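Here's a quick briefing to read alongside the model. Keep the 3D view open while you go through it.

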Amino acid sequence: MFCYQCQETLRNTGCTVRGVCGKPDSTSALMDLLIDTLKGVAVLEEQAAARRGIDRKTGLFLMQSLFMTITNANFDEARLVAQIEEALIIQRRLRDELQDGGPWPACATWQGGPDAFAARAAEVGVLAEADEDLRSLQQTVIYGLKGIGAYADHAALLGYEDDAVYGHMVKALAQLTRPLSLDALLALVLETGRSAVEAMALLDRANSEVYGAEEITRVAIGVRGNPGILVSGHDLRDLEDLLEETAGTGVDVYTHGEMLPAHYRPFFKKYPHLAGNYGGAWWKQDKEFASFNGPILMTTNCIIPVRDAYRDRIFTTGTTGYPGVPHIPDRQPGGRKDFSAIVTLARTLPPPAEIEQGEIVGGFGHPQVLALADRVVEAVRSGAIRRFVVMAGCDGRMKDRAYFTEVAQALPPDTIILTAGCAKYRYNKLALGEINGIPRVLDAGQCNDSYSLAVIALKLKEAFALEDVNDLPISFDIAWYEQKAVAVLLALLYLGFRNIRLGPTLPGFLSPAVARVLGETYGLRKTTTVAEDVPAIVAGA
Ligand code: SF4
Ligand code: SF3
């Protein structure tokens, strides 16, 4: 195997025997094979779409399939094989539709079955491209597409789809089957950034129209005395179905990890049994799931290798999966998922053990911050706020991520931290105070809500009548782990944000030459030390 898609890749160069995340060699091969097969679907769909427009079902299939290959999303090989077989069926259907489609690339001609799987798997994969710079840019596109796939899937589940997002997915995957120059690939990377903006904007609209825009909310982090269900991941529709299923049963529902921001949306406040948030970021789940005592529902990434302490009470749904863990099937059109097995189990189990007490504050999406715009602009003009520091992204288990907590603590009291994603757990429980009644940590929501932070910056640019968003007193100190963060990064670059610090390492998939080009063109750089970075951030360097 060879995989270097996440921040924890071995020695920041690549996992070659087994993933640091626990992904076995055989699963990695199936993921490579699935991506290869999706490229075949895209080549055929691109031609068919030229005649009849994009087929949304095929577009959504591509999105969901790529979502399954994100770090810590799906470890279930049977599901990956089923997805490959489905892709081969779609290929056959498209070939029948096209008939005169001419010669197809290999990714659109190989046939399924175990022997064919093994033979084809040996030919595809990241290292199939020998040139490290071409490989670097090709994979940057793929990883950006994975993040887009995740966000577009969430939007589609709420009934929001965008043909332009599907169109870019099809075009980009098809393009990757062709010999492209470095310049052409760089252009495709930026186009993928544009598509990431569109996908995040779509999801922002979907979430806000269906569940209400985020508003300032205090969320309890202690526990009540009833049995509970813990719901993790990013899928708000799953949370809605679970809250409906548990209403009046005496079972409470707690959010975990990236589900925390659901509390900020007005729709979910009507459920009195949505009890609070339990625990922190994904990587502590081995301990937090053990002490929770009740069932756990994983709706998306990040699931880590399942421990015995909670093996008999964890469930997956949607694009996520784990071998031996019960998987709750998709809802029928117009219906709800059937979570009754989880509720029945919850009633037999003890309530969660308390691991902390108190509250956290969040809900600073763009509508909420813009509602405070007068106060914010005045605080900047008066000098009460010297600088905004965007510290969005992912958390992870590596010790050097303490950097992000220490930066939050070391930033002077006249700075505001804008955050989104599970990176927030590094500092959202610290007592960092307020500036003129505005909390110093403003949490916009999930990682996709990094879009909100970009909107806030662009609106502030207007408020201060600036030509260039980089003239704002705003700096970026981003933490990344998986491929949604890659989509967010490409979106920020596309929107024109410069001098982003990225850590705790630059992606291993950026070759030295590609990293140099991104550094020279966009000012993208690696985080260094707290002592070096904090003064530079405050000075706007
Ligand atoms: Fe390694 Fe990350 Fe790939 Fe897992 S997802 S195999 S940790 S690079
Ligand atoms: Fe976290 Fe996995 Fe990326 Fe949505 S839950 S941000 S790492």
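Pro 504 lies in the loop between S15 and helix H16 (512–522), and the peptide bond leading into it from Gly 503 is cis, with omega near 5°. Helices (H or I, at least four residues) and strands (E, at least two) are DSSP runs, numbered from the N terminus. Keep in mind that this is a predicted model, where local features need pLDDT of at least 70, side-chain atom pairs count only at pLDDT 80 or more, and totals for chains, interfaces and linings use all residues. On bookkeeping, residues are numbered from 1 along each chain as its sequence is written, chains are lettered from A and ligands numbered from 1 in the order in which they are written, and side-chain values use heavy atoms, with hydrogens and water left out.

**The sheet around S14**

- Gly 503, just met at the cis bond to Pro 504, is the bridge partner in S15 of Ala 479.
- S14 and strand S15 (residues 501–503) run parallel and share 3 bridges; two strands count as paired if DSSP finds at least two bridges between them.
- Add helix H15 (residues 483–494) and you get a right-handed β-α-β unit made of S14, H15 and S15. Right-handed here means that, with the strands pointing away from the viewer, the path from the first strand over the helix to the second runs clockwise.
- S14 also pairs in the parallel sense with strand S9 (residues 387–390), again over 3 bridges, and Phe 388 has Ile 474 in S14 as its bridge partner.
- Zoom out and these strands belong to an open, parallel-paired sheet of 6 strands in the order S13-S10-S9-S14-S15-S16.
- Strand S13 (441–443) and strand S16 (525–526) are at the edges with a single partner strand each, so one side of each has no neighbour in the sheet.
- Strand S10 (residues 415–419) runs parallel to S13 and is joined to it by 3 bridges, with Leu 418 opposite Leu 442 in S13.

**How buried is S14?**

- In strand S14 (residues 474–479), 6 of the 6 residues are buried, so the strand is largely enclosed by the rest of the structure. Buried means under 20% relative accessible area, exposed over 50%, and partly exposed in between (1.4 Å probe, protein chains only).
- In a regular strand, side chains alternate between the two faces of the sheet.
- Both faces of S14 are covered, with Ile 474, Phe 476 and Ile 478 buried on one side and Ser 475, Asp 477 and Ala 479 buried on the other.

**The other sheet**

- A second open sheet of 6 strands follows the order S4-S3-S2-S5-S6-S7, also with parallel pairing.
- Its edges are strand S4 (274–277) and strand S7 (327–328), each with a single partner strand, so one side of each is left without a neighbour in the sheet.
- Strand S2 (residues 228–232) and strand S3 (residues 252–255) pair in parallel over 4 bridges, and Ile 229 has Val 253 in S3 as its bridge partner.

**Ligand sites**

- Which residues are around ligand 2? They are His 234, Glu 258, Trp 282, Asn 301, Cys 302, Cys 394, Cys 422, Cys 447, Tyr 481 and Glu 482, where being near takes a heavy atom within 4 Å.
- That shell has 6 nonpolar, 2 polar and 2 charged residues. Ala, Val, Leu, Ile, Met, Phe, Trp, Tyr, Cys and Pro count as nonpolar, Asp, Glu, Lys and Arg as charged, and the others, Gly among them, as polar.
- Two of the ligand 2 neighbours, Asn 301 and Cys 302, are joined by a cis peptide bond with omega of about 10°.
- Cys 302 is in the loop between strand S5 (296–298) and strand S6 (314–317).
- Around ligand 1 you'll find residues including Met 1, Cys 3, Cys 6, Cys 15, Cys 21, Lys 23 and Thr 71, and the full shell divides into 7 nonpolar, 4 polar and 1 charged.

**Backbone oddities and a long-range pair**

- Asn 12, in the segment before H1, has a positive phi near 55° without being a glycine, and is partly exposed at 26% relative accessible area.
- Asn 293 also has a positive phi, about 75°, and is in the loop between helix H9 (285–292) and S5; at 22% relative accessibility, Asn 293 counts as partly exposed.
- Gly 40 is in helix H1 (residues 25–52) and is buried, with a relative accessible area of 0%.
- Gly 40 and Tyr 427 are 387 residues apart along the chain, and their C-alpha atoms are separated by 44 Å.
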